[in-house]
Amino acid sequence: MTKPRVRFAPSPTGYLHIGGVRTALFNWLWARKTGGTFVLRIEDTDQERSTVENEQVILREMRWLGLEWDEGPEMGGAFGPYRQMERLDLYREFADKLVGSGAAYRCYATKEELDAAREALKQADPKAQFRYPGWWRDKGPKDWPADRPYVVRLKTPQSGHTGWRDLVFGDQRVPNDTIQDVVLVRSDGVPLYNFGCVVDDITMGITLVARGRDHMINTPIQLLVYEALGATPPEFGHLPMMLGKSGEKLSKRHGAVSVGEYREQGVPPVGLLNYLVRFGWSFGDQEVFAMADLIDKFDWSRTSRADGKFDAAKLTAIAFEHMKSAELIDNDAYVASLAPRLARHGHVDERKLRAVLPTVRPRARTFAEAAESVDWLFAAMPTFDEKAKEKFLLGEKAAVLAPLRDLLATVVAFEAPALEATVKAWAEERGYGLGDVAQPARVALTGRTFSPGLFEVMELLGREVTLARIDAASRLR
């Protein structure tokens with residue numbers, strides 16, 4: 001049996017939308033599950049909006065997500081090039097083949113003629129849907145005017161049905177007389193979507209096209225193109241939609257929808273993918289998956305037809321489960337994601353960073369929150385929580401800091417056990433409760449009221465930084 005070849009074909013006209021990522025994820029999972037090939041193809045025929053910068057964003061975000069492609073831009077492959085604007089000669093070759101066989105035709109109708117026909121129909125019946133009248137459908141080379149631009153249109157059958165068995169939605173059947181003679185190639189030689197993707201899928205050997213349900217309207221047209229070219233179509237599977245809370249198309253007004261926004265927020269990529277896979281797929285009541293687990297369990301038979309509504313709180317909860325679990329995100333990966341967020345302070349000592357992870361992981365829901373919670377370790381001075389500062393550094397409770405500083409300066413072995421023994425004995429001798437000492441010191445050293453153990457904090461900061469921070473906090477009174 002031939003191993004599957006699947007593809008994700010975004011347009012570089014803007015950011016990478018999480019709806020597109022869900023499509024990419026399903027294809028990627030199937031390729032990894034079966035040992036197949038995941039192809040990344042750039043559909044850049046919208047020349048007004050497509051940019052190299054947008055393509056680079058797509059590639060960067062796909063890599064951040066861990067959805068590495070086997071063939072495509074920057075990877076190469078035997079079926080390239082993988083950008084549509086580099087394949088124009090191929091589309092022209094296929095279009096000429098269709099015209100030569102009579103399955104398509106040149107249409108020389110001008111924009112003005114089409115606009116006039118559209119307006120005449122509107123005047124006659126305002127509710128009517130305009131369809132190309134077929135003026136050039138039955139004309140051939142002897143009728144073609146010289147030196148005039150033309151488009152290539154598909155000669156759609158006027159009777160019968162076009163159908164397919166969808167992997168998700170089952171048997172589908174569309175009457176051919178509801179499909180007009182669509183344009184395949186514009187007058188500038190650039191293919192329209194329904195032709196370009198078919199030519200690409202044929203020549204790249206794609207065996208399954210899995211995409212959002214909103215593309216189902218294109219499938220019968222594409223099947224007719226396959227038939228006209230005498231090519232065997234791939235399987236098709238259409239995925240349920242990701243919608244806003246009120247059932248409308250998911251957009252920015254419902255919150256972040258671009259991958260880049262989630263990356264900036266510090267959402268772990270595996271957590272984002274875990275949330276997205278549940279739009280259209282489930283495995284019983286299981287909510288949280290490692291990627292290896294998803295690959296092992298993924299199957300099209302578990303794909304649903306029901307659309308889902310985006311829930312930012314649920315995404316946060318799923319991401320948090322990954323942030324907390326060393327089995328889902330090991331400490332090496334956690335540090336690798338966290339360290340760049342702290343690099344603005346200069347060198348990040350990974351040994352120190354690892355030492356505080358046990359206190360960070362249970363609380364931080366994102367890497368942005370994690371970075372904020374350990375920022376004190378690498379900053380020149382901590383950023384104080386205003387309430388903590390007012391309570392512990394600006395009133396009577398701060399009086400303990402100056403004598404504590406003098407005590408700490410005498411500790412020979414500036415390590416947590418020695419520091420703890422020295423401070424506890426000192427506090428007991430003077431009648432302090434440990435909290436009376438620990439909270440002002442903690443705020444002075446970290447800027448907040450929670451942190452790793454106080455004496456571990458002192459050891460991590462070292463003698464010089466610890467004393468300097470207590471000195472600075474003492475001067476705030």
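**View 1. Lining of the second largest pocket, by residue class, in a predicted model.** Nine residues of this lining are nonpolar, six are polar and seven are charged. Helix 12 (350–360) and helix 13 (367–378) are the elements that give two or more residues to the lining. Helix 13 gives the most, with six residues. The pocket has a volume of about 390 Å³. In total, 22 residues line the second largest pocket. Nearest its centre lie E369, E372, S373, R448 and F450.

**View 2. The largest pocket and its lining.** This pocket holds about 1200 Å³ of space. Its lining counts 33 residues. P10, S11, G20, D214 and H215 are the closest to the pocket centre. Three elements give two or more residues to the lining: strand 1 (5–8), helix 1 (18–34) and strand 8 (208–212). Helix 1 supplies the largest share, four residues. By class, the lining of the largest pocket divides into 13 nonpolar, 11 polar and nine charged residues.

**View 3. F26 and F298, one of the 15 aromatic pairs in the structure.** The ring centres of F26 and F298 are 5.4 Å apart. Their planes meet at 80°, so the pair counts as edge-to-face, a class that begins over 60 degrees. F26 belongs to helix 1. F298 sits in the loop between helix 9 (291–297) and strand 11 (308–309). The two residues are 272 residues apart, and their pair links distant parts of the chain. Both F26 and F298 are buried.

**View 4. The aromatic cluster around F26 and F298.** Ring pairs join F26, W30, W281, F283, F289, F298 and W300 into a cluster. A charged residue also meets one of these rings: R22 lies over the face of F26, at 5.7 Å from the ring centre.

**View 5. Y108 and W136, a tilted aromatic pair.** The rings of Y108 and W136 are 5.1 Å apart, centre to centre. The angle between their planes is 50°. Y108 is found in the loop between strand 3 (104–107) and helix 4 (111–124). W136 is found in the loop between helix 4 and strand 4 (151–154). The pair therefore ties together parts that are 28 residues apart in sequence. Y108 is buried, as is W136.

**View 6. K139 over the ring of W136.** The charged end of K139 sits 4.3 Å from the centre of the W136 ring. W136 also pairs with Y108.

Technical notes: Residues are numbered from 1 along each chain as its sequence is written. This is a predicted model: local features need pLDDT of at least 70, side-chain atom pairs count only at pLDDT 80 or more; totals for chains, interfaces and linings use all residues. Side-chain values use heavy atoms; hydrogens and water are left out. On a 1 Å grid over the protein atoms alone, a cavity is a set of points where a 1.4 Å probe fits but cannot get out, and a pocket is an open set with protein on both sides within 12 Å along at least five of seven lines; lining residues have an atom within 4 Å of a point. Grid points are joined across faces, edges and corners, and a volume is the space filled by probe spheres set on the points. Ala, Val, Leu, Ile, Met, Phe, Trp, Tyr, Cys and Pro count as nonpolar, Asp, Glu, Lys and Arg as charged, and the others, Gly among them, as polar. Rings of Phe, Tyr and Trp (its six-membered ring) pair if their centres lie within 6.5 Å; planes under 30 degrees apart count as stacked, over 60 as edge-to-face and the rest as tilted. Buried means under 20% relative accessible area, exposed over 50%, partly exposed in between (1.4 Å probe, protein chains only). A charge sits over a ring if NZ of Lys or CZ of Arg is within 6 Å of the ring centre and within 35 degrees of the ring normal.
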